[in-house]
Amino acid sequence: MTAAVSTGRRRPVRPARVALHLFLGTVAVGWLFPILWAVLTSFRSYEYTAANGYVSLGGWTVDNYVTAWRTAEFGKHFLNSAYITVPAVLLTLFLASCVAFVIARFSWKLNIALLGLFTAANLLPQQALLIPLFRMFTEIPLPAWMSDSELLYDSYWGLILVNVAFQCGFCVFVLSNYMKALPHELYEAAMVDGANVWRQYWQVTMPLCRPALAALATLEVTWIYNEFFWATVLMRTGDKFPVTSSLNNLRGEFFTDNNLVSAGSVLVAIPTLVIFFLLQKQFVRGLTLGASKG
Amino acid sequence: MSDLPLIQADRAVPPPAATTTKGGRGRRLRLLSRTDRVVITLMVLVPLLLVAGLVWLPAVATVLLSGTNWDGIGPISEIEWVGVKNYDDVVNIYPPFVPAVQNNLLWLAALFVVATPFGMFLAVLLDKEIRGSRFYQTALYLPVVLSLALIGFVWQLIYSRDQGLLNGVFGGETDWYGDPNVNIWAVLVAAGWRHVGYIMLLYLAGLKGVDPSLREAAAVDGSSETSTFFRVVFPVMRPINIIVLVVTVIESLRAFDLVWVINKGRNGLELISALVTQNVVGEASRIGFGSALATIMLAVSLVFITIYLWTVMREGKR
């Protein structure tokens, strides 16, 4: 990221700069501290910290990770998260890009209403919709091969659908803005070549939207992976919980052992942290897409 | 998770292609072939049905149910209309309601008065050309990638009575998460920790979209950095200011995960969102009553969603 253009004058007053760095450095370290503390705690043995207090050094071990992984069955829960996150993100991007394309490409009197309907849906408080949705999910049957609960409730399908429905609005909004900025001539050329609407969407628009799609995909993966509420209320079987919501179940098992809690927390955070450090640019761009000129 | 509301598209400068008027880029639907029209209809209809069915239909149903005495078990035909009785009960005979409203307002106040301005302030500092800006930014928005549920756990390591850092260093006996007199403040620190980074990120992006020539002009006129910010930059950023404020309100209203992982929103951590959830998945399944609580949330949020949409749509049109 490049810093914004400043007024261009190098100030001769250095102390101000030093103070600025001191301040920002202190804040940054303070901000990182809770995370670093969790990492530090996770690598120490419970016996050592119980005897010497947490404000001490020593008792280094990786046992907490081994124990946490085993007792909490992280492997299974990570897999559950993948079952939900991957299809949900792909479906969200696909459906949202379809709507965004129509909104951006055609002038149509319901465009604004449509955009508002999708965007607002993303902002509604989810708890306010829980009652009817909960009831609906317990009424809608699924064949046994799709879900062993034979209902939309307590199934991966239900969670995928609800995540898609909620995240669509955000992506429609971002993508339609992005698509509106594409040059109109492209479509004229495509139409001269006889491309129908679907090809204009799939072969002309979508490849050009790759940067926006990548940014949104990064963001949506973290959001849906981090999603806690729907999985907590629309799932019953602990074994099927995605990893973020399974945390709450793990808490009971880890109750008295903060070293284990921190190892578990670090494990849950790892996927998002990896994404964050590898795709930081995409992540930030996704969040701020449209807020700046880029 | 979707607790991060969106914040897009207040374009400081609309791209040239976006300024086409009716009839320019846009084509009328009736000029299209039949297949094309079918394709377009499907492209809109499928996502629309999903969002309408899973978001808007439940929203309307919540409002309707709030006027009934449905217990959630009996057939729909036995539902009786009870008017505003549920609202009356919520306000008058439901002890957690008042604390929940107070906590939601406190949440809003803390984010609005402390976390949001602090995030904006950091963004302004980071917007200057300074070395190591990237490190500072990364450190500040790292919490944004963590789920709020996880943040509840991370901060427990600091707040825990027997094993926490706070009591370890200061030797107190406070149960920061458990004591109903202090736990809301402890939670607010954790919530603010994340909110600051988020606002910083959004605001920084907004600042980068401000036309540099405005500042240059102000500097040439001899305006100080501070007065340039308040007199030139801040007013130009009106749309993002509004969006940041609306985001803060919506975040405060939707706050849920953090208190739910701590104690399911009881014992000092009551929030309206947690009360709604308790009334559905908890031991007491009082549908009409829970719906009244939910409708209150809906009504408040719709006001701010409208402001948000109005702001972003107007900016998009310009």
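Biologist: What should the twelve residues of H5(B) span at 1.5 Å a residue, and how far apart are its end C-alpha atoms?

Modeller: Keep in mind that this is a predicted model. At 1.5 Å a residue, H5(B) should span 16 Å, and its end C-alpha atoms are 16 Å apart, so the two agree.

Biologist: Is H5(B) largely enclosed or left open by the rest of the structure?

Modeller: For that, look at how many of its residues are buried, which means under 20% relative accessible area. Twelve of the twelve residues of H5(B) are buried, so the helix is largely enclosed by the rest of the structure. Among them are Leu148(B), Gly152(B), Trp155(B), Gln156(B) and Tyr159(B).

Biologist: What does chain B look like as a whole?

Modeller: Chain B has 13 helices and zero strands. Of its 318 residues, 56% count as buried. The accessible surface of chain B comes to about 13400 Å², and 65% of that belongs to carbon and sulfur atoms.

Biologist: Among contacts in chain B between residues at least 6 apart in sequence, what share joins residues at least 24 apart?

Modeller: That share is 68%.

Biologist: How do I read a pair of aromatic rings?

Modeller: A pair of aromatic rings is described by the distance of the centres and the angle of the planes. Over all chains, the count here comes to 34 aromatic pairs. Take Phe33(A) and Trp37(A): their ring centres are 5.9 Å apart and their planes are at 25°, so this pair is stacked.

Biologist: Where do Phe33(A) and Trp37(A) sit along the chain?

Modeller: They belong to helix H1 (residues 14-42) of chain A and, being four residues apart, are separated by about one helical turn. As for exposure, Phe33(A) counts as partly exposed because its relative accessibility is 34%. Trp37(A), with a relative accessible area of 8%, is buried.

Biologist: And which kind of pair do Trp155(B) and Trp193(B) form?

Modeller: That one is edge-to-face, at 5.5 Å centre to centre with 70° between the planes. The pair links distant parts of the chain: Trp155(B) is in helix H5 (residues 148-159) of chain B, Trp193(B) is in helix H7 (residues 183-208) of chain B, and they are 38 residues apart. Both Trp155(B) and Trp193(B) are buried.

Biologist: Which residues do ring pairs link into a cluster?

Modeller: In chain A, look for Phe94(A), Phe101(A), Phe106(A), Tyr187(A), Trp198(A), Tyr201(A) and Trp202(A). While you're at Phe106(A), notice Arg105(A), which lies over the face of that ring at 5.1 Å from the ring centre. Likewise, Arg44(A) lies over the face of Trp60(A), at 5.6 Å from the ring centre.

Biologist: Let's try a single residue. Is Ser291(B) buried or exposed?

Modeller: Ser291(B) counts as buried, because its relative accessibility is 0%. You'll find Ser291(B) in helix H13 (residues 287-317) of chain B. Leaving aside neighbours within four places in sequence, Ser291(B) is in contact with Thr62(B), Leu65(B) and Ser66(B), and also with Ile131(A).

Biologist: Where does UniProt place the feature "transmembrane region" in chain A?

Modeller: The unreviewed entry gives residues 18-40, 82-103, 110-135, 155-175, 208-225 and 260-279 of chain A. You can then hold a listed span against the model. Residues 110-135 of chain A are 73% helix and 0% strand, with end C-alpha atoms 31 Å apart. Residues 208-225 of chain A are 94% helix and 0% strand, and there the end C-alpha atoms are 27 Å apart.

Methods. Residues numbered from 1 in each chain as written. Chains lettered and ligands numbered in written order. Predicted model: local features only at pLDDT ≥ 70, side-chain atom pairs only at ≥ 80, totals over all residues. Heavy atoms only, no water. Helix = DSSP H or I, 4+ residues; strand = E, 2+ residues; numbered from the N terminus. Buried < 20%, exposed > 50% of the residue type's maximum accessible area, 1.4 Å probe, protein only. Contact = heavy atoms within 4.5 Å. Phe/Tyr/Trp six-rings, centres within 6.5 Å; stacked < 30°, edge-to-face > 60°. Lys NZ or Arg CZ within 6 Å of the ring centre and 35° of its normal. Areas by Shrake-Rupley, 256 points an atom, 1.4 Å probe, with all protein chains shown as cover. Expected span 1.5 Å × (residues − 1). UniProt positions renumbered as here; feature names shortened; annotations may be inferred.
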